[in-house]
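Subject: Structure for your files

Hello,

I am passing on the structure we spoke about. The sequence and coordinates come first, and my notes follow.

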Amino acid sequence: MLGSMNKHILLIEDERSIADTIFYALETENFSAEWKTLGQDGLDYLKSHTVDLIILDVGLPDMNGFDVCKNIRTFSDIPIIFLTARKDEIDRVVGFEIGADDYVVKPFSPRELVARIKVIFKRLQTTPTNSSGVFQVDDLKGRIVYENTLMDLTRYEYRLLKLLLSQPERIFSRAQLMEQVWDAPEASMDRTVDAHIKMLRGKLRNIDADADLIKTHRGMGYSIEV
Ligand code: CA
């Protein structure tokens with residue numbers, strides 16, 4: 001309970017009855033929350049406030065929730081849970097193209113939503129790389145510290161390194177990396193992934209010249225060793 005007390009959640013949802021229900025559930029769990037009915041209001045709020053998680057409705061009056069999410073992803077990797085109503089919306093959320101962390105389908109129980117929020121916060125706390133000592137991934141601030149040095153990473157480099165670190169020694173194919181890291185698949189998929197891997201290797205070597213952490217597995221993909 002203590003952990004949830006400090007968490008601040010932004011709810012972007014235009015239906016008052018749904019917002020009320022969610023608000024009540026969040027308060028019961030000692031989360032603090034802010035409610036916005038428009039996508040643009042939510043974006044404005046994010047630029048001047050620290051938020052730990054966003055609950056985002058897909059169908060908003062002023063803009064599509066997917067566009068709100070894409071906009072947020074240009075400056076933050078903050079966890080986002082979608083509220084979806086229609087089958088085609090669900091397909092898009094599940095398809096990984098949006099960059100959401102989770103979703104619930106309307107009508108949903110507030111209890112389920114809160115459970116999913118807690119899972120995300122728990123996952124952030126227990127990022128396995130935190131225990132390695134070499135890397136520290138700070139998901140909320142969107143940054144990675146390597147050997148006590150803050151890495152200067154682009155958004156995709158950050159997401160790429162975070163994904164590799166989420167499962168050390170697992171070999172990710174280029175297609176898997178592209179699907180999970182990039183917002184939209186690019187035509188020159190392999191070249192894009194390779195170029196970012198090369199940049200990451202360079203940045204890791206700048207911090208530790210002997211580091212050769214990212215391995216190439218011919219015909220299979222990449223993995224990281226920590
Ligand atoms: Ca709506």
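Starting with the interior: R201, L204, R205, A211, D212, L213 and I214 line the largest cavity. The space inside that cavity is about 40 Å³. At a threshold of 30 Å³ or more, the structure holds one cavity. Please keep in mind that this is a predicted model.

Next, the domains. The protein splits into domain 1, covering 4-124, and domain 2, covering 131-224. Measuring over C-alpha atoms, the centres of domain 1 and domain 2 are separated by 27 Å.

How many residues of each domain are in contact with the other? On the domain 1 side there are 10, and they touch seven residues of domain 2. Between the two domains an area of about 940 Å² is buried, and carbon and sulfur atoms give 52% of that area.

As for specific interactions, one salt bridge is found across the interface of domain 1 and domain 2. By class, the domain 1 side that touches domain 2 has five charged, three nonpolar and two polar residues. D77 and R159 form a salt bridge, with their closest N and O atoms 3.9 Å apart. The cut-off for a salt bridge is 4 Å, so the D77 and R159 pair, at 3.9 Å, falls within it. The count of residue pairs in polar contact between domain 1 and domain 2 is one, with both residues at pLDDT 80 or more.

If you open the model, the places to look at are the D77 and R159 salt bridge and the cavity lining, which includes L204 and I214.

Regards

Methods
Residues are numbered from 1 along each chain as its sequence is written. This is a predicted model: local features need pLDDT of at least 70, side-chain atom pairs count only at pLDDT 80 or more; totals for chains, interfaces and linings use all residues. Side-chain values use heavy atoms; hydrogens and water are left out. Domain bounds come from an automatic or database domain assignment. Contact means heavy atoms within 4.5 Å. Buried area is the accessible area (1.4 Å probe) that two parts lose on being put together, summed over both. A salt bridge is a side-chain nitrogen of Lys or Arg within 4 Å of a carboxyl oxygen of Asp or Glu. A polar contact is a pair of N or O atoms within 3.5 Å; within protein, one must be able to donate a hydrogen and the other to accept it, and residues adjacent in sequence count only if both atoms are side-chain atoms. Ala, Val, Leu, Ile, Met, Phe, Trp, Tyr, Cys and Pro count as nonpolar, Asp, Glu, Lys and Arg as charged, and the others, Gly among them, as polar. On a 1 Å grid over the protein atoms alone, a cavity is a set of points where a 1.4 Å probe fits but cannot get out, and a pocket is an open set with protein on both sides within 12 Å along at least five of seven lines; lining residues have an atom within 4 Å of a point. Grid points are joined across faces, edges and corners, and a volume is the space filled by probe spheres set on the points.
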